[in-house]
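Got the viewer open? Here is a short tour, one selection at a time.

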Amino acid sequence: MLSTLQPPRSLSLLPLRRFRNSKTIVSAASSTTSVISPPQSQILTSRRSLLSGETTAVEIAKSYLSRIRLTEPQLKCFLHVSENVLKDAQVTDQRIAKGEELGPLAGVLIGVKDNICTQGMPSTAASRILEHYRPPFDATAVKKIKELGGIVVGKTNMDEFGMGSTTEASAFQVTANPWDLSRVPGGSSGGSAAAVAARQCMVSLGSDTGGSVRQPASFCGVVGLKPTYGRVSRFGLMAYASSLDVIGCFGSTVADAGMLLHAISGYDRFDSTSSKQDVPEFQSQFLSMDHFESKPLNGVKVGIIRETLEDGVDSGVRSATQEAASHLEALGCVLTEVSLPSFSLGLPAYYVIASSESSSNLSRYDGVRYGNQVVAEELNKLYECSRGEGFGGEVKMRILMGTYALSAGYYDAYYKRAQQVRTLIRKDFKAALEQNDILISPAAPSAAYKIGEKKDDPLAMYAGDIMTVNVNLAGLPAMVLPCGLVEGGPSGLPVGLQMIGAAFDEEKLLKVGHIFEQTLKGSSFVPPLLANVP
Amino acid sequence: MSTTLLRTFQPNQFSLLGTSLLRRRRSNNFTVRFCGSQTTTTHEAKQSSPTRVAPKNHKSNKLDEILRDYEAVIGIETHVQLSTLTKAFCSCSNNYGSYPNTSICPVCMGLPGALPVLNSKVVEFGVRLGLALNCDLSLKSKFDRKQYFYPDLPKGYQISQFDIPIASGGYVDLDIPLEFGGGHRRFGITRVHMEEDAGKLLHSDTGDYSQAWNLYLNRAGVPLLEIVSEPDMRSGIEAAEYACEMQRIARYLGVSNGNMQEGSLRCDVNISIRPIGQAEFGTKVEIKNLNAFSAISRAIDYEISRQALLYNQGKADQIVTETRLWEEGAQKTVTMRKKEGLADYRYFPEPDLPEVILTKEYVDSIRASLPELPEAKRRRYEATGLGMQDVLFLANDFSVAEYFDAVIGKGAEVKLTANWIMSDIAAYLKNEKLSINDIKLTPHELAELIATIKDGTISGKIGKEILFELLAKGGTVKGMIKAKDLVQITDPVEIEKMVIQVVSENPKQLEQYRSGKTKLQGYFAGQVMKMSKGKANPGLLNKILLEKLNAKD
């Protein structure tokens, strides 16, 4: 169907490469033939062509918008596409024409997860209870993006309030995985991940409470960066679990994700939990391959987490992870196996803490001051009906679980116990990161699964978060980047490698990730969908 | 924050408030309207004149007998609204009486994505009050969320402190006024904690039959300190005096205006009674809606009588754990809601706010900046020899005490100063409905006035006359004496001249006097005083007058 549509004119300048249509398992180190050049930063590529006058911001914006028009009917990544994209791009072009200094994100097209407030633009967290809600202010991250010249393309689909791992829990639409339209893009930031994978935008913002940036990045074959808790202001992020939530970044390259992170990082006086730690200039880490030494990661200590490669992890995922580890070794890393004894305790602790906090955070959605108020006969009914009709099933389930866990008589057994587990997990990570520069693991136990496959089996879906939740409990930074493909879909399914760093050491993740990505031979992580879109 | 946020914050512009604002009200349905643009009448508690509590009116003798067998156990929770410039967790201004829903922002409205940021003044005021109440301070405390649903609570939880309050384990000393039996008391303070106020939900005056309510959020997020007392009080008077002392301390510290009518000081009373000698507490009842100190006292007396009568009639089981409302008009308490078990507020640590860490240096610097507190003042005044009535009068009001201290600081005699303030100045303030801060008479001039009378420059009578002019218009004592030529005549020669003149001008009266009608001395004295325009020294005048009247020609 796509091929029948008129291809947009200016797509040629986009850094897209045709995907090899192979059904065999292709993983990182197994392919030796390298006809594919390393992935290029969309941000830097577009900046170069803007500055050289080769093209204009409006032309670039048009090309992305036309790709949205072509692919959106299948993918359904966006809940809202901004009507001001071209107008914003014009402003960039006017600045270039006047010779004014350009912000680092000038003309960069950015998708924003729908639970991040955008002034005057719908922001619903994919929930009926906030249908048509338009915030009167920008989230700090969005404000920074706009100040640096970035253009908000639209609001991306997600699991309602971030509760889910497939984006099927959106109240409005189901997003498809660009690698296989019958599969989920992961979640909860599925729309943001799929939009970047399908090149509907250059980069995007997501939020990560238990893996909501990293798992969809893995499913969609893009880079997903979850910063340290406190690195990015949460002001304007609709809270799911306040002590775990962070805003994260998606990009088709490590450099893109890193540059977006740099733009949104830093202390914010409107968020008391944001950190005053300095934000280093990440960009120096993104050297081109010509500058690499033969063993560019010589001496970097990498710990592979034993518990993440045990039973319950797909064999394809396991071998992709192991081959990624071999690739890191080839780059000069010192690889050791580490054990995190508390690893398996993380998942139940996470679901207790996240549900408890969410039961409280979602109390404000009562239909009294904003959102849909259901007229009722008396006060309790007003609450019951407004919330009953406004929230979806998954959200209600978690509110109930959280309310239960915080109730008198159960608090110690659940919430307090989970906090104790959290302390253990922190300690284990700290010890492992004293011995190693970074830790690696798969991003998820499997590649993307079918839409509907786990919809009626929440426990199976929750189990898929096992690789990622511990990192949120410990508040550490982590990045997922594509490391291989496993069988599935028309042309294989991407698998992500998770790299976990010490608190506030995103720089090391970006350095290792960039070199890993640029030297990874044989795979190009462009979904087959785009083979039909010129 | 509000300055930056409010600039972009236009209610309705993004249909933010539209759904609840513009909803068409159907009759018999419950709606909550968020009001941004209409004036409304605020419901203020009517202050009725004090009347005696109902049960005491009837069979008071019998009741007194019954009451003798029981002891009341009373504890008070006091909410003190802090007079910070901005709210507790956002930078909206904290102004009582602002136009409805004008002092609000995304944070205090509980909009999605908004986060609280603690106003450091709240901590400072918490520490001040904690120290003033002789509490131990928690150098590391935290905030917790207290969760319940009500339309006036925007976030669905109140940010409060649960298991680690900022201050705990203190006490307060006070003196019971003489007219209530007098005596010194010490009441324990269980804890002081920081929290935020809720908004207000009021019936809208629509005239139709729908249950429409209006929501006002100016008060939402205003900082409070909640003071919980030990159950140490035994009578309505003790409880009222305790509440009074809380108001006094809050005002002395400058942490609150303590105004009960505006709701800046709110007291909830917990009360149970038990037969004297019994160790266990009886069933506890909570009383709310106490808008004046007199209401506290009378509500408690009413409740003691009600519960004692029930006990006495063998109906103790009818005393149940409940919240009762004081009805000022009917002068009685009525059931507001019965509690079925304890409410579960599902407290848990507020994840949006870091712990509150106090350093010893910080606490010490605040301790050093505390003013002299009411109890210390009372003891100091008492030590100067003033009676307890004077002591309480002067120390009760911070401004009066400040004025008094300033006057005696200028060297004025303590007792004389107290008399001037408590009699003539107090009467003037009462008549003119003024506060002592409004008068034009400076402490320095009052001290001057007292000294000028004492050294005989002017008479006490003239002193009083010029006092009122000084109070109303200001000026100096010296200047006024000079301008009005008020200096007392103490020259015997001058007085003698006037006496001679008066005596010679009234031969008839002189004759009557000398024939035994000695009461006429007053008449002569009056005439001389009149001639001197009140300036003659009365002692000298009388002495000379007597000499002349009794002189044998």
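**Stop one: chain B as a whole**

Select chain B and look at its contacts between residues at least 6 apart in sequence: 71% of them join residues at least 24 apart. Keep in mind as you go that this is a predicted model.

Colour chain B by secondary structure and you get 19 helices and 17 strands. Now switch to a surface view. The accessible surface of chain B comes to about 25,900 Å², with 51% of that belonging to carbon and sulfur atoms. Of the 553 residues in chain B, 50% are buried.

**Stop two: a serine in chain B**

Stay in chain B and pick helix H7, residues 293-312; Ser297(B) is in there. Is Ser297(B) buried or exposed? Its relative accessibility is 10%, and the cut-off for buried is under 20%, so Ser297(B) counts as buried. To see what is around Ser297(B), show Gly236(B), Ile237(B) and Ala240(B): Ser297(B) touches these three, leaving aside residues up to four places away in sequence.

**Stop three: where the chains meet**

Bring chain A back and select the contact residues on both sides. You should have 50 residues of chain A in contact with 50 residues of chain B. How much area do chain A and chain B bury between them? About 4,200 Å², and 59% of it is on carbon and sulfur atoms. On the chain A side, highlight Arg364(A), Arg369(A) and Val375(A): these lose the most area to chain B, together 17% of what that side buries.

Next, turn on the polar interactions. Between chain A and chain B there are 15 residue pairs in polar contact, counting pairs with both residues at pLDDT 80 or more. For the chain A helices on this side, select H9 (346-361), H10 (379-390) and H11 (393-406); each supplies at least two residues of the side of chain A that touches chain B.

Salt bridges between chain A and chain B come to a count of one. To find a salt bridge here, zoom in on Asp352(B) and Arg234(A), where the closest N and O atoms are 3.0 Å apart.

**Last stop: three tyrosines on chain A**

Finish by selecting Tyr404(A), Tyr410(A) and Tyr414(A). They form a nonpolar patch on the surface, with about 280 Å² of accessible area together. Click on Tyr414(A) and you land in helix H12 of chain A, residues 412-435. Tyr414(A) has a relative accessible area of 32%, so it is partly exposed.

How values were computed
Residues are numbered from 1 along each chain as its sequence is written. Chains are lettered from A and ligands numbered from 1 in the order in which they are written. This is a predicted model: local features need pLDDT of at least 70, side-chain atom pairs count only at pLDDT 80 or more; totals for chains, interfaces and linings use all residues. Side-chain values use heavy atoms; hydrogens and water are left out. Patches are made of residues with over 30% relative accessible area and no salt bridge: like charges are joined within 9 Å, nonpolar side chains (Val, Leu, Ile, Met, Phe, Trp, Tyr) within 5 Å. Accessible areas come from the Shrake-Rupley method with a 1.4 Å probe; for residues, only the protein chains shown count as cover. A salt bridge is a side-chain nitrogen of Lys or Arg within 4 Å of a carboxyl oxygen of Asp or Glu. Helices (H or I, at least four residues) and strands (E, at least two) are DSSP runs, numbered from the N terminus. Buried means under 20% relative accessible area, exposed over 50%, partly exposed in between (1.4 Å probe, protein chains only). Contact means heavy atoms within 4.5 Å. Buried area is the accessible area (1.4 Å probe) that two parts lose on being put together, summed over both. A polar contact is a pair of N or O atoms within 3.5 Å; within protein, one must be able to donate a hydrogen and the other to accept it, and residues adjacent in sequence count only if both atoms are side-chain atoms.
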